[in-house]
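Reader: I am new to protein models and would like to learn how to read one. Could we go through it together, feature by feature?

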Amino acid sequence: MTNMEFPTTFLWGGATAANQIEGGYQEGSKGLSISDVMTNGSHLVEREITDGIIEGKYYPSHTAIDFYHRYKEDIKLFAELGFKCYRMSIAWTRIFPNGDESEPNEAGLKFYDDVFDELLKYGIEPVVTLSHYEMPYYLTQKYAGWSDRKVVGFFENYCEAVFTRYKDKVKYWMTFNEINGLSVAGPAAWAGGGMLSADTKMIYQAAHHLLLASAKAVKLGKTINPDFQIGMMAGMLNRYPFSCNPDDVLACIEDMREVYFFCDVMCRGYYPAFVLKQFEREGIKIEMEAGDAAILKEGTVAYIGFSYYMTFTSTADKSLIPKDMPGFIKAPKNPYLEESDWGWQIDPAGLRIVLNILYDRYQIPLFVVENGLGAIDKVEENGEIIDDYRINYLAAHIQEMNKAINIDGVDLMGYTPWGCIDLVSASTGEMKKRYGFIYVDRDDIGGGTLERSRKKSFYWYKKVIESNGANLEN
Ligand code: BGP
(Lines give C-alpha, C1' and ligand atoms only; values in the text may rest on other atoms or scores of the structure.)
Protein backbone atom coordinates (compact mmCIF):
# COMPACT_ATOMS: atom_id res chain seq x y z
CA MET A 1 0.00 0.00 0.00
CA THR A 2 1.21 3.50 -0.77
CA ASN A 3 1.51 5.98 2.05
CA MET A 4 -0.22 9.09 0.69
CA GLU A 5 0.99 11.69 3.16
CA PHE A 6 2.81 14.94 2.53
CA PRO A 7 6.28 15.11 4.09
CA THR A 8 6.25 16.58 7.61
CA THR A 9 8.62 19.32 6.42
CA PHE A 10 6.30 20.35 3.57
CA LEU A 11 6.14 24.14 3.28
CA TRP A 12 2.47 25.12 3.03
CA GLY A 13 1.96 28.80 2.47
CA GLY A 14 0.90 31.49 0.04
CA ALA A 15 2.56 33.80 -2.48
CA THR A 16 2.53 37.47 -3.43
CA ALA A 17 4.81 40.06 -5.05
CA ALA A 18 5.75 43.51 -3.78
CA ASN A 19 4.42 45.51 -6.73
CA GLN A 20 1.06 43.73 -6.59
CA ILE A 21 0.40 44.27 -2.88
CA GLU A 22 2.51 46.95 -1.23
CA GLY A 23 1.40 50.30 -2.62
CA GLY A 24 3.22 53.13 -0.82
CA TYR A 25 5.00 53.58 -4.12
CA GLN A 26 6.80 56.74 -3.03
CA GLU A 27 7.07 56.08 0.67
CA GLY A 28 10.31 55.53 2.53
CA SER A 29 12.15 57.12 -0.42
CA LYS A 30 11.16 54.30 -2.73
CA GLY A 31 12.08 54.88 -6.39
CA LEU A 32 9.77 54.40 -9.33
CA SER A 33 9.72 50.84 -10.61
CA ILE A 34 8.72 49.52 -14.02
CA SER A 35 5.39 48.34 -12.61
CA ASP A 36 4.63 51.87 -11.37
CA VAL A 37 4.24 53.09 -14.96
CA MET A 38 1.82 50.35 -15.97
CA THR A 39 -1.84 51.30 -16.16
CA ASN A 40 -4.79 48.96 -15.62
CA GLY A 41 -6.16 46.87 -18.50
CA SER A 42 -8.19 43.72 -18.99
CA HIS A 43 -7.68 40.34 -20.60
CA LEU A 44 -8.63 41.91 -23.92
CA VAL A 45 -6.89 45.27 -23.54
CA GLU A 46 -3.18 45.25 -22.76
CA ARG A 47 -1.87 47.36 -19.87
CA GLU A 48 -0.27 50.54 -21.13
CA ILE A 49 3.35 51.30 -20.29
CA THR A 50 3.56 55.06 -20.03
CA ASP A 51 6.51 57.37 -20.35
CA GLY A 52 6.77 58.19 -16.63
CA ILE A 53 3.64 58.90 -14.61
CA ILE A 54 0.91 60.63 -16.57
CA GLU A 55 -1.72 62.70 -14.78
CA GLY A 56 -5.22 61.26 -15.12
CA LYS A 57 -4.12 57.66 -15.74
CA TYR A 58 -4.74 54.94 -13.18
CA TYR A 59 -1.76 52.93 -11.95
CA PRO A 60 -2.84 50.01 -9.74
CA SER A 61 0.57 49.47 -8.08
CA HIS A 62 0.59 52.92 -6.47
CA THR A 63 -1.73 51.84 -3.68
CA ALA A 64 -2.28 48.16 -4.57
CA ILE A 65 -3.79 46.59 -1.42
CA ASP A 66 -1.75 48.82 0.88
CA PHE A 67 0.27 45.97 2.40
CA TYR A 68 2.91 48.64 3.12
CA HIS A 69 0.75 49.95 5.93
CA ARG A 70 -1.28 46.84 6.74
CA TYR A 71 1.33 44.07 6.76
CA LYS A 72 0.80 43.33 10.45
CA GLU A 73 -2.90 42.69 9.98
CA ASP A 74 -2.23 40.59 6.86
CA ILE A 75 0.51 38.49 8.43
CA LYS A 76 -1.76 37.85 11.40
CA LEU A 77 -4.28 36.36 8.98
CA PHE A 78 -1.52 34.26 7.35
CA ALA A 79 -0.67 32.97 10.82
CA GLU A 80 -4.31 32.15 11.43
CA LEU A 81 -4.26 30.12 8.21
CA GLY A 82 -1.34 28.20 9.66
CA PHE A 83 1.21 29.20 7.01
CA LYS A 84 4.58 27.51 7.38
CA CYS A 85 6.07 29.88 4.81
CA TYR A 86 5.18 33.02 2.91
CA ARG A 87 6.53 33.78 -0.54
CA MET A 88 6.99 37.51 -1.11
CA SER A 89 9.36 39.73 -3.01
CA ILE A 90 11.54 42.67 -2.10
CA ALA A 91 11.02 45.78 -4.20
CA TRP A 92 14.49 46.56 -5.51
CA THR A 93 13.41 50.22 -5.68
CA ARG A 94 12.93 50.39 -1.90
CA ILE A 95 16.55 49.36 -1.42
CA PHE A 96 18.14 51.17 -4.38
CA PRO A 97 15.58 53.73 -5.63
CA ASN A 98 17.32 54.30 -8.97
CA GLY A 99 19.29 51.09 -9.02
CA ASP A 100 22.78 52.49 -9.54
CA GLU A 101 23.42 54.17 -6.15
CA SER A 102 26.38 52.94 -4.15
CA GLU A 103 24.62 52.87 -0.76
CA PRO A 104 21.29 51.20 0.03
CA ASN A 105 18.30 53.14 1.33
CA GLU A 106 17.90 52.51 5.06
CA ALA A 107 14.13 53.14 5.15
CA GLY A 108 13.60 50.38 2.59
CA LEU A 109 15.84 47.94 4.43
CA LYS A 110 14.02 48.71 7.65
CA PHE A 111 10.62 48.01 6.11
CA TYR A 112 11.56 44.44 5.18
CA ASP A 113 13.26 43.93 8.55
CA ASP A 114 9.90 44.70 10.11
CA VAL A 115 8.01 42.41 7.72
CA PHE A 116 10.41 39.50 8.30
CA ASP A 117 10.30 40.02 12.08
CA GLU A 118 6.53 39.93 11.97
CA LEU A 119 6.57 36.67 9.98
CA LEU A 120 9.17 35.06 12.23
CA LYS A 121 7.14 36.04 15.29
CA TYR A 122 4.53 33.54 14.06
CA GLY A 123 7.06 30.95 12.92
CA ILE A 124 6.42 31.70 9.24
CA GLU A 125 9.47 31.15 7.03
CA PRO A 126 9.94 33.93 4.44
CA VAL A 127 10.60 32.73 0.87
CA VAL A 128 11.90 35.76 -0.98
CA THR A 129 12.00 36.55 -4.69
CA LEU A 130 14.75 39.05 -5.37
CA SER A 131 13.11 40.49 -8.46
CA HIS A 132 9.47 39.96 -9.25
CA TYR A 133 8.64 42.00 -12.35
CA GLU A 134 10.03 45.24 -11.00
CA MET A 135 13.41 46.71 -11.67
CA PRO A 136 14.04 50.43 -11.11
CA TYR A 137 12.44 52.47 -13.90
CA TYR A 138 15.56 54.62 -13.99
CA LEU A 139 17.61 51.63 -15.19
CA THR A 140 15.27 51.18 -18.13
CA GLN A 141 15.73 54.81 -19.16
CA LYS A 142 19.46 55.09 -18.67
CA TYR A 143 20.58 51.58 -19.62
CA ALA A 144 17.71 49.97 -21.59
CA GLY A 145 17.15 47.50 -18.78
CA TRP A 146 18.79 44.10 -18.75
CA SER A 147 20.18 44.52 -22.27
CA ASP A 148 23.06 46.46 -20.66
CA ARG A 149 25.64 44.41 -18.78
CA LYS A 150 26.10 47.16 -16.19
CA VAL A 151 22.75 46.18 -14.74
CA VAL A 152 24.28 42.85 -13.66
CA GLY A 153 26.60 44.80 -11.35
CA PHE A 154 23.76 46.91 -9.98
CA PHE A 155 21.78 43.77 -9.22
CA GLU A 156 24.79 42.28 -7.45
CA ASN A 157 25.01 45.36 -5.21
CA TYR A 158 21.34 44.97 -4.39
CA CYS A 159 21.78 41.26 -3.61
CA GLU A 160 24.75 41.98 -1.41
CA ALA A 161 22.76 44.55 0.55
CA VAL A 162 19.76 42.29 1.18
CA PHE A 163 21.70 39.05 1.69
CA THR A 164 23.89 40.74 4.28
CA ARG A 165 21.07 42.50 6.04
CA TYR A 166 18.69 39.52 6.19
CA LYS A 167 21.15 36.65 6.43
CA ASP A 168 19.74 35.50 9.76
CA LYS A 169 16.09 36.05 8.86
CA VAL A 170 15.69 34.59 5.39
CA LYS A 171 16.89 31.19 4.24
CA TYR A 172 14.89 30.57 1.04
CA TRP A 173 15.50 32.87 -1.92
CA MET A 174 14.61 32.90 -5.61
CA THR A 175 16.38 35.07 -8.13
CA PHE A 176 14.06 36.20 -10.99
CA ASN A 177 10.34 35.61 -11.13
CA GLU A 178 9.27 33.70 -14.25
CA ILE A 179 12.60 34.41 -15.89
CA ASN A 180 11.46 32.70 -19.09
CA GLY A 181 8.70 35.30 -19.49
CA LEU A 182 11.35 37.33 -21.24
CA SER A 183 11.15 35.14 -24.33
CA VAL A 184 7.50 36.06 -24.82
CA ALA A 185 8.56 39.66 -25.74
CA GLY A 186 5.87 42.43 -25.67
CA PRO A 187 4.89 43.49 -22.13
CA ALA A 188 6.80 40.49 -20.78
CA ALA A 189 10.05 41.96 -22.12
CA TRP A 190 9.19 44.99 -20.02
CA ALA A 191 8.24 43.09 -16.88
CA GLY A 192 11.17 40.69 -17.04
CA GLY A 193 13.80 42.70 -18.86
CA GLY A 194 12.92 46.38 -18.56
CA MET A 195 12.96 46.73 -22.36
CA LEU A 196 10.19 48.52 -24.22
CA SER A 197 10.95 46.69 -27.42
CA ALA A 198 13.51 44.08 -28.24
CA ASP A 199 14.53 41.91 -31.18
CA THR A 200 15.67 38.31 -30.74
CA LYS A 201 19.31 39.23 -30.25
CA MET A 202 18.46 41.80 -27.59
CA ILE A 203 16.19 39.32 -25.79
CA TYR A 204 18.98 36.74 -25.67
CA GLN A 205 21.53 39.35 -24.61
CA ALA A 206 19.26 40.39 -21.75
CA ALA A 207 18.65 36.71 -20.97
CA HIS A 208 22.40 36.15 -20.73
CA HIS A 209 22.70 39.03 -18.30
CA LEU A 210 19.81 37.75 -16.19
CA LEU A 211 21.27 34.25 -16.11
CA LEU A 212 24.67 35.63 -15.20
CA ALA A 213 23.13 37.81 -12.48
CA SER A 214 21.26 34.80 -11.11
CA ALA A 215 24.46 32.71 -10.99
CA LYS A 216 26.37 35.56 -9.37
CA ALA A 217 23.64 35.93 -6.76
CA VAL A 218 23.85 32.22 -5.96
CA LYS A 219 27.64 32.40 -5.61
CA LEU A 220 27.52 35.54 -3.50
CA GLY A 221 24.71 34.23 -1.31
CA LYS A 222 26.66 31.12 -0.43
CA THR A 223 29.60 33.21 0.79
CA ILE A 224 27.32 35.33 2.98
CA ASN A 225 25.43 32.40 4.48
CA PRO A 226 26.25 28.84 3.39
CA ASP A 227 22.83 27.73 4.64
CA PHE A 228 20.99 29.85 2.08
CA GLN A 229 18.80 27.89 -0.32
CA ILE A 230 18.75 29.91 -3.53
CA GLY A 231 16.44 28.72 -6.26
CA MET A 232 15.30 29.79 -9.70
CA MET A 233 11.73 30.59 -10.70
CA ALA A 234 10.15 29.69 -14.03
CA GLY A 235 6.69 30.14 -15.44
CA MET A 236 5.89 26.53 -16.21
CA LEU A 237 4.01 26.97 -19.45
CA ASN A 238 3.80 23.32 -20.34
CA ARG A 239 2.54 22.25 -23.75
CA TYR A 240 1.14 19.08 -25.25
CA PRO A 241 1.35 18.14 -28.92
CA PHE A 242 -2.05 19.10 -30.35
CA SER A 243 -2.16 15.68 -32.03
CA CYS A 244 0.03 12.59 -32.21
CA ASN A 245 1.26 13.69 -35.63
CA PRO A 246 5.07 13.66 -35.26
CA ASP A 247 5.16 17.20 -36.71
CA ASP A 248 3.09 18.38 -33.74
CA VAL A 249 5.31 16.46 -31.33
CA LEU A 250 8.38 18.18 -32.75
CA ALA A 251 6.64 21.57 -32.67
CA CYS A 252 5.98 20.90 -29.00
CA ILE A 253 9.63 20.09 -28.28
CA GLU A 254 10.64 23.30 -30.01
CA ASP A 255 8.10 25.42 -28.15
CA MET A 256 9.16 23.98 -24.79
CA ARG A 257 12.72 25.16 -25.40
CA GLU A 258 11.54 28.67 -24.48
CA VAL A 259 11.18 27.37 -20.93
CA TYR A 260 14.00 24.83 -20.82
CA PHE A 261 16.64 27.21 -22.12
CA PHE A 262 16.47 29.14 -18.84
CA CYS A 263 16.06 26.09 -16.60
CA ASP A 264 18.91 24.27 -18.33
CA VAL A 265 21.37 27.10 -17.79
CA MET A 266 20.41 27.70 -14.17
CA CYS A 267 20.23 24.02 -13.18
CA ARG A 268 23.00 22.52 -15.31
CA GLY A 269 25.29 25.54 -15.51
CA TYR A 270 25.76 25.77 -19.27
CA TYR A 271 23.93 26.71 -22.46
CA PRO A 272 21.99 23.82 -24.02
CA ALA A 273 23.05 22.69 -27.50
CA PHE A 274 19.71 23.66 -29.10
CA VAL A 275 20.17 27.33 -28.30
CA LEU A 276 23.79 27.41 -29.48
CA LYS A 277 22.60 25.91 -32.78
CA GLN A 278 19.86 28.53 -32.97
CA PHE A 279 22.44 31.31 -32.47
CA GLU A 280 24.56 29.81 -35.26
CA ARG A 281 21.61 29.42 -37.63
CA GLU A 282 20.18 32.88 -37.03
CA GLY A 283 23.53 34.66 -36.84
CA ILE A 284 22.89 35.79 -33.26
CA LYS A 285 26.10 36.87 -31.56
CA ILE A 286 25.73 37.32 -27.81
CA GLU A 287 28.40 39.27 -26.03
CA MET A 288 29.87 37.04 -23.37
CA GLU A 289 33.01 37.71 -21.40
CA ALA A 290 35.76 35.28 -20.54
CA GLY A 291 34.79 33.92 -17.17
CA ASP A 292 31.03 33.95 -17.81
CA ALA A 293 30.94 30.19 -18.47
CA ALA A 294 32.66 29.53 -15.14
CA ILE A 295 30.21 31.80 -13.31
CA LEU A 296 27.22 29.99 -14.81
CA LYS A 297 28.76 26.66 -13.85
CA GLU A 298 29.45 27.68 -10.27
CA GLY A 299 26.13 29.46 -9.75
CA THR A 300 23.63 26.66 -10.28
CA VAL A 301 20.49 26.75 -8.18
CA ALA A 302 19.47 24.62 -5.19
CA TYR A 303 15.86 24.14 -6.26
CA ILE A 304 13.34 24.96 -8.97
CA GLY A 305 10.44 27.17 -7.98
CA PHE A 306 7.78 27.46 -10.63
CA SER A 307 4.34 28.82 -11.30
CA TYR A 308 1.65 26.58 -12.71
CA TYR A 309 -1.81 27.73 -13.74
CA MET A 310 -2.67 26.07 -17.03
CA THR A 311 -1.30 24.20 -20.02
CA PHE A 312 -1.18 24.83 -23.77
CA THR A 313 -0.95 22.88 -26.97
CA SER A 314 1.58 23.07 -29.80
CA THR A 315 0.90 22.54 -33.45
CA ALA A 316 2.91 22.50 -36.65
CA ASP A 317 -0.19 23.60 -38.53
CA LYS A 318 -0.37 27.32 -37.81
CA SER A 319 -3.70 27.64 -39.62
CA LEU A 320 -5.29 25.95 -36.57
CA ILE A 321 -4.43 28.93 -34.38
CA PRO A 322 -7.51 31.13 -33.97
CA LYS A 323 -7.09 34.62 -35.40
CA ASP A 324 -6.96 37.52 -32.89
CA MET A 325 -6.51 35.12 -30.01
CA PRO A 326 -5.93 37.11 -26.78
CA GLY A 327 -3.10 36.14 -24.44
CA PHE A 328 0.63 35.72 -24.80
CA ILE A 329 0.67 32.16 -26.15
CA LYS A 330 -1.17 31.55 -29.39
CA ALA A 331 -2.13 27.91 -29.80
CA PRO A 332 -5.29 25.90 -30.41
CA LYS A 333 -7.35 25.22 -27.29
CA ASN A 334 -7.12 21.80 -25.71
CA PRO A 335 -10.55 20.17 -26.21
CA TYR A 336 -10.14 18.05 -23.06
CA LEU A 337 -9.87 20.99 -20.67
CA GLU A 338 -12.18 23.63 -19.26
CA GLU A 339 -11.10 27.21 -18.87
CA SER A 340 -11.31 30.04 -16.35
CA ASP A 341 -13.19 33.28 -17.01
CA TRP A 342 -9.88 34.64 -18.27
CA GLY A 343 -9.47 31.83 -20.78
CA TRP A 344 -6.78 29.93 -18.84
CA GLN A 345 -7.22 26.18 -19.41
CA ILE A 346 -7.43 24.31 -16.11
CA ASP A 347 -5.35 21.13 -15.93
CA PRO A 348 -4.68 19.57 -12.49
CA ALA A 349 -3.23 16.33 -13.92
CA GLY A 350 -0.88 18.53 -15.91
CA LEU A 351 0.72 19.59 -12.64
CA ARG A 352 1.72 16.01 -11.91
CA ILE A 353 3.05 15.74 -15.46
CA VAL A 354 5.14 18.90 -15.04
CA LEU A 355 6.49 17.77 -11.66
CA ASN A 356 7.61 14.53 -13.25
CA ILE A 357 9.18 16.17 -16.28
CA LEU A 358 11.13 18.69 -14.20
CA TYR A 359 12.27 16.16 -11.64
CA ASP A 360 13.36 13.67 -14.30
CA ARG A 361 15.22 16.36 -16.20
CA TYR A 362 17.04 18.08 -13.32
CA GLN A 363 16.92 15.84 -10.23
CA ILE A 364 16.81 18.71 -7.76
CA PRO A 365 13.99 19.65 -5.34
CA LEU A 366 10.95 21.41 -6.76
CA PHE A 367 8.71 24.04 -5.20
CA VAL A 368 5.27 25.01 -6.56
CA VAL A 369 5.46 28.71 -5.74
CA GLU A 370 2.38 29.83 -7.70
CA ASN A 371 -0.89 28.14 -8.57
CA GLY A 372 -4.48 29.25 -8.33
CA LEU A 373 -7.67 30.34 -9.97
CA GLY A 374 -8.26 33.97 -10.89
CA ALA A 375 -12.01 34.44 -10.55
CA ILE A 376 -14.68 37.02 -9.84
CA ASP A 377 -15.94 36.68 -6.26
CA LYS A 378 -19.40 37.68 -5.13
CA VAL A 379 -19.88 39.14 -1.67
CA GLU A 380 -23.21 37.93 -0.27
CA GLU A 381 -25.46 40.26 1.68
CA ASN A 382 -24.22 38.81 4.96
CA GLY A 383 -20.64 39.42 3.83
CA GLU A 384 -19.82 35.78 3.04
CA ILE A 385 -17.84 34.80 -0.04
CA ILE A 386 -18.58 31.26 -1.14
CA ASP A 387 -15.72 30.43 -3.48
CA ASP A 388 -16.24 26.72 -4.05
CA TYR A 389 -14.74 27.04 -7.57
CA ARG A 390 -11.43 28.08 -5.97
CA ILE A 391 -11.55 25.28 -3.40
CA ASN A 392 -12.22 22.73 -6.16
CA TYR A 393 -9.36 24.04 -8.29
CA LEU A 394 -6.84 24.00 -5.45
CA ALA A 395 -7.97 20.63 -4.05
CA ALA A 396 -7.57 19.01 -7.46
CA HIS A 397 -4.03 20.40 -7.81
CA ILE A 398 -3.05 19.37 -4.28
CA GLN A 399 -4.19 15.81 -5.04
CA GLU A 400 -1.92 15.72 -8.07
CA MET A 401 1.05 17.00 -6.05
CA ASN A 402 0.37 14.25 -3.57
CA LYS A 403 0.50 11.63 -6.34
CA ALA A 404 3.70 13.11 -7.72
CA ILE A 405 5.30 12.83 -4.28
CA ASN A 406 3.95 9.49 -3.17
CA ILE A 407 3.52 7.56 -6.41
CA ASP A 408 6.20 9.08 -8.62
CA GLY A 409 8.78 9.92 -5.95
CA VAL A 410 9.18 13.59 -6.83
CA ASP A 411 11.03 15.71 -4.26
CA LEU A 412 8.59 18.58 -3.68
CA MET A 413 9.45 21.14 -1.01
CA GLY A 414 6.23 23.04 -0.69
CA TYR A 415 3.23 24.82 -2.11
CA THR A 416 2.44 28.52 -2.06
CA PRO A 417 -0.82 29.26 -3.91
CA TRP A 418 -0.71 32.57 -5.73
CA GLY A 419 -2.36 35.68 -4.34
CA CYS A 420 -3.25 34.17 -0.97
CA ILE A 421 -4.63 37.63 -0.30
CA ASP A 422 -6.40 39.36 -3.23
CA LEU A 423 -3.98 41.53 -5.17
CA VAL A 424 -3.47 43.41 -8.42
CA SER A 425 -3.32 41.11 -11.46
CA ALA A 426 0.06 41.18 -13.18
CA SER A 427 -1.22 40.64 -16.68
CA THR A 428 -4.32 42.84 -16.57
CA GLY A 429 -3.87 45.22 -13.63
CA GLU A 430 -7.35 44.29 -12.46
CA MET A 431 -8.48 43.66 -8.88
CA LYS A 432 -11.54 41.70 -9.89
CA LYS A 433 -9.37 38.79 -11.02
CA ARG A 434 -9.04 37.42 -7.51
CA TYR A 435 -7.02 34.50 -6.20
CA GLY A 436 -7.16 35.01 -2.45
CA PHE A 437 -8.32 33.18 0.64
CA ILE A 438 -8.54 36.70 2.04
CA TYR A 439 -10.84 39.15 0.27
CA VAL A 440 -9.76 42.78 -0.13
CA ASP A 441 -12.41 45.42 -0.69
CA ARG A 442 -10.87 47.20 -3.63
CA ASP A 443 -12.06 47.62 -7.23
CA ASP A 444 -10.39 48.03 -10.60
CA ILE A 445 -10.23 51.81 -10.47
CA GLY A 446 -9.11 52.41 -6.91
CA GLY A 447 -12.45 52.39 -5.05
CA GLY A 448 -13.23 50.42 -1.88
CA THR A 449 -12.33 50.42 1.81
CA LEU A 450 -9.33 48.05 1.50
CA GLU A 451 -10.83 46.07 4.35
CA ARG A 452 -9.91 42.40 4.60
CA SER A 453 -12.32 39.48 5.12
CA ARG A 454 -12.11 35.68 5.14
CA LYS A 455 -13.57 33.75 2.21
CA LYS A 456 -14.92 30.20 2.51
CA SER A 457 -11.62 28.97 1.04
CA PHE A 458 -9.83 30.56 4.01
CA TYR A 459 -11.37 28.06 6.44
CA TRP A 460 -10.87 25.24 3.94
CA TYR A 461 -7.13 25.94 3.39
CA LYS A 462 -6.61 26.28 7.14
CA LYS A 463 -7.93 22.70 7.52
CA VAL A 464 -5.73 21.52 4.64
CA ILE A 465 -2.63 22.88 6.36
CA GLU A 466 -3.69 21.62 9.80
CA SER A 467 -4.10 18.11 8.39
CA ASN A 468 -0.85 18.39 6.36
CA GLY A 469 -2.83 17.92 3.16
CA ALA A 470 -4.80 14.89 4.32
CA ASN A 471 -8.14 16.67 4.59
CA LEU A 472 -9.15 18.27 1.28
CA GLU A 473 -12.86 18.02 1.91
CA ASN A 474 -14.95 21.09 1.22
C1 BGP B 1 2.40 34.98 -12.77
C2 BGP B 1 3.12 36.08 -12.05
C3 BGP B 1 2.38 36.69 -10.93
C4 BGP B 1 0.89 36.65 -11.08
C5 BGP B 1 0.34 35.40 -11.67
C6 BGP B 1 -1.13 35.43 -12.02
O7 BGP B 1 2.71 35.06 -14.12
O8 BGP B 1 4.34 35.65 -11.54
O9 BGP B 1 2.92 37.93 -10.65
O10 BGP B 1 0.22 37.76 -11.07
O11 BGP B 1 1.04 35.02 -12.80
O12 BGP B 1 -1.32 36.16 -13.17
P13 BGP B 1 -2.37 37.32 -13.30
O14 BGP B 1 -2.09 38.24 -12.19
O15 BGP B 1 -2.12 37.91 -14.59
O16 BGP B 1 -3.69 36.66 -13.17
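Reader: Let me start with a single residue: in which loop is A64 found?

Author: A64 sits in the loop between α1 (18–21) and α2 (67–81). Helices (H or I, at least four residues) and strands (E, at least two) are DSSP runs, numbered from the N terminus. Before we go on, this is a predicted model: local features need pLDDT of at least 70, side-chain atom pairs count only at pLDDT 80 or more, and totals for chains, interfaces and linings use all residues. Residues are numbered from 1 along each chain as its sequence is written, and side-chain values use heavy atoms, with hydrogens and water left out.

Reader: What is the phi of A64, and is A64 buried or exposed?

Author: A64 has a positive phi of about 45 degrees, although A64 is not a glycine. With a relative accessible area of 1%, A64 is buried. Buried means under 20% relative accessible area, exposed over 50%, and partly exposed in between (1.4 Å probe, protein chains only). A144 also has a positive phi, about 55 degrees, and is not a glycine. A144 is found in the loop between α5 (137–143) and α6 (150–165), and A144 is partly exposed at 31%.

Reader: Now to charges. How many salt bridges are there?

Author: Here is the general idea: side chains of opposite charge can pair when their charged atoms come close. A salt bridge is a side-chain nitrogen of Lys or Arg within 4 Å of a carboxyl oxygen of Asp or Glu. By this rule the count is 36. One of them joins E80 and R454, whose closest N and O atoms are 2.8 Å apart. E80 lies in helix α2 and R454 in strand β14 (residues 452–454), so this pair ties together parts that are 374 residues apart in sequence. E80 is partly exposed at 29%, and R454 is partly exposed at 35%.

Reader: Which salt bridge lies within a helix?

Author: Take E400 and K403, whose side chains meet in a salt bridge (3.1 Å, N to O). They are 3 residues apart in helix α13 (residues 388–406), so about one helical turn separates them. E400 counts as buried at 10% relative accessibility, while K403 counts as partly exposed at 27%. Salt bridges that share partners also join D377, D387, R390, D422, R434 and K455 into one network.

Reader: How do I read empty space, and how many cavities of 30 Å³ or more are there?

Author: Rolling a probe the size of a water molecule over the atoms shows where empty space is left. On a 1 Å grid over the protein atoms alone, a cavity is a set of points where a 1.4 Å probe fits but cannot get out, and a pocket is an open set with protein on both sides within 12 Å along at least five of seven lines; lining residues have an atom within 4 Å of a point. Grid points are joined across faces, edges and corners, and a volume is the space filled by probe spheres set on the points. The structure holds 7 such cavities, and the largest cavity has a volume of about 90 Å³. Its lining includes S131, W146 and L210.

Reader: What about the second largest pocket: how many residues line it?

Author: It is lined by 14 residues, with T200, Y204, E258, Q278 and E282 nearest its centre. About 470 Å³ of space lies in this second largest pocket. Helix α9 gives the largest share of the lining, 6 residues.
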